Amino acid sequence: MTLRTDLHIHTTASDGRWHPQEVVAHVLEEGIGLFAVIDHESVGSVEAAAALAREAGLAFLNGVEISALFEGSVFHILGYGIDPRHAGLLDLLEANKARMNWINEEVLRRLIAAGYPVSLAEYEAFEYDLSRGGWKALNYLIDKGVCQGAQDFFTRLFVDPFRPPAPDFPPVPEVVDAVRAAGGVPILAHPGGSLRHVGVRGETLAPFRALGVTGLECYSSYHDAQTTAVCLDFCARHDWLVTGGSDCHGGFVGRPLGVPRVDASDLRLGELEGLVRAPVR
Ligand SMILES: [Zn+2]
Ligand SMILES: [Zn+2]
């Protein structure tokens with residue numbers, strides 16, 4: 001039996017363009033039978049998506065994507081099967097959101113110092129339609145005519161001298177502990193993206209075992225066939241879980257839903273199997 005799967009779909013709870021209803025409509029249209037809604041530092045769409053998935057007869061995994069530090073670099077840890085009401089997890093997500101807000105305000109302060117026509121008071125009062133995708137500061141800068149879009153932001157504005165140092169996101173083991181405490185399973189997201197600076201190899205993946213991570217997002221829109229093969233080999237050798245997802249943001253940054261094409265039988269869900277919210281028939 002085949003079960004097309006996408007375990008990495010963003011919503012308007014972070015920087016995606018789709019509300020949970022639109023995610024479910026697109027998942028159905030694409031013929032995906034098992035999916036997870038994943039947002040940066042937020043579980044804001046999890047319960048709505050889970051309820052819609054149940055109504056639509058789809059299998060669903062709770063999830064979240066959390067920024068964490070290791071050796072001075074930011075990594076994304078996917079927490080699957082978490083309880084979205086777990087107080088400790090929610091505290092950690094709130095603290096990370098505050099750090100993200102600090103980054104955005106710091107970029108604006110630096111742009112203001114350089115004479116750009118923006119203001120913190122105006123930014124604070126700024127509101128935008130969440131279905132545009134992205135985040136508040138990006139949309140503010142776009143509306144002020146300072147920036148054209150996400151790519152322009154990262155190549156021209158989120159660089160020296162406007163780019164602040166990485167905030168003090170929690171270290172990977174702290175995020176792993178929070179995910180575990182909330183009943184979830186910690187997986188390293190898109191190693192091909194996060195480890196780009198050192199390359200994806202056994203030696204660069206190995207430290208994450210000691211940090212408590214228990215699997216890799218082997219199938220990812222960030223990966224070429226070689227990277228996927230290295231990740232799969234690592235998981236097979238170390239008895240790690242294998243997940244996969246598109247990192248779709250509803251069209252905000254490319255990465256279409258359901259790409260790469262993954263079937264549940266390609267994955268190794270292990271303890272996650274018991275956390276899948278299966279449809280009630
Ligand atoms: Zn990510
Ligand atoms: Zn993501």
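The following exchange discusses packing, pairing and burial in a predicted model.

Colleague: On what conventions does the description of this predicted model rest?
Modeller: Residues are numbered from 1 along each chain as its sequence is written, while chains are lettered from A and ligands numbered from 1 in the order in which they are written. In this predicted model, local features need pLDDT of at least 70, side-chain atom pairs count only at pLDDT 80 or more, and totals for chains, interfaces and linings use all residues.

Colleague: At what angle do helix 1 and helix 2 pack?
Modeller: Helices (H or I, at least four residues) and strands (E, at least two) are DSSP runs, numbered from the N terminus. Axes are lines fitted to C-alpha atoms, for helices over the stretch in contact, and angles run from 0 to 180 degrees between N-to-C directions. The axes of helix 1 (residues 20-30) and helix 2 (residues 46-56) lie 9 Å apart, and the packing angle is about 35°.

Colleague: Which residues of helix 2 meet helix 1?
Modeller: Two residues are in contact if their C-beta atoms, placed from the backbone, lie within 7 Å. Helix 1 contributes Pro20, Gln21, Val23, Val24 and Leu28. Their counterparts in helix 2 are Ala48, Ala49, Leu52, Ala53 and Ala56.

Colleague: How many residues in the contact of helix 1 with helix 2 are nonpolar, polar and charged?
Modeller: Ala, Val, Leu, Ile, Met, Phe, Trp, Tyr, Cys and Pro count as nonpolar, Asp, Glu, Lys and Arg as charged, and the others, Gly among them, as polar. By these classes, the contact of helix 1 with helix 2 has nine nonpolar, one polar and no charged residues.

Colleague: Where around the axis of helix 2 do its buried residues lie?
Modeller: A residue is buried if 20 or more other C-beta atoms lie within 10 Å of its own, exposed if 12 or fewer, and partly exposed in between, with C-beta atoms placed from the backbone. In helix 2, the buried residues are Val46, Ala49, Leu52 and Ala53. They cover an arc (that of the directions from the helix axis to the C-beta atoms) of only 135°, which puts them on the same side of helix 2.

Colleague: Against which elements do the buried residues of helix 7 pack?
Modeller: Val172, Val175, Val176, Ala178 and Val179 are the buried residues of helix 7 (residues 172-181). Seen down the axis, these residues fall within an arc of 160°, so they line one face of helix 7. They pack against strand 4 (63-70), strand 5 (73-80), helix 3 (87-113) and strand 6 (185-188).

Colleague: Which glycine follows helix 7, and which one stands just after helix 2?
Modeller: The residue after helix 7 has a positive phi, near 80°, and is Gly183. Just after helix 2, a positive phi of about 75° is taken by Gly57.

Colleague: Which strands stand at the edges of the open sheet of four strands?
Modeller: Two strands pair if DSSP finds at least two bridges between them. The open sheet has the order 3-2-1-9, with mixed pairing. One side of each edge strand is left without a neighbour in the sheet, because each has a single partner strand; these are strand 3 (59-61) and strand 9 (262-263).

Colleague: Which residue of strand 9 is the bridge partner of Thr5?
Modeller: Strand 1 (residues 4-9) and strand 9 run antiparallel and are joined by two bridges. The partner of Thr5 in strand 9 is Val262.

Colleague: Which residue of strand 6 stands opposite Gly79?
Modeller: Strand 5 pairs with strand 4 in the antiparallel sense over eight bridges. Four bridges join strand 5 to strand 6, also antiparallel. Six of the eight residues of strand 5 are buried, so it is largely enclosed by the rest of the structure. Opposite Gly79, in strand 6, stands Pro186.

Colleague: Which residue in the turn between strand 4 and strand 5 has a positive phi?
Modeller: Strand 4 and strand 5 form a hairpin, with two residues between them. The turn residue with a positive phi, of about 50°, is Glu71.

Colleague: In which sense do strand 7 and strand 8 pair?
Modeller: Six of the six residues of strand 7 (residues 215-220) are buried, so it is largely enclosed by the rest of the structure. Ser220 stands opposite Gly245 in strand 8. Strand 7 and strand 8 (residues 241-245) have five bridges, and their sense is parallel.

Colleague: Is Thr214 buried or exposed?
Modeller: Thr214 is found in the loop between helix 10 (207-210) and strand 7. Its contacts beyond four places in sequence are Val185, Pro186, Ile187, Trp240 and Leu241. With 21 other C-beta atoms within 10 Å, Thr214 is buried.
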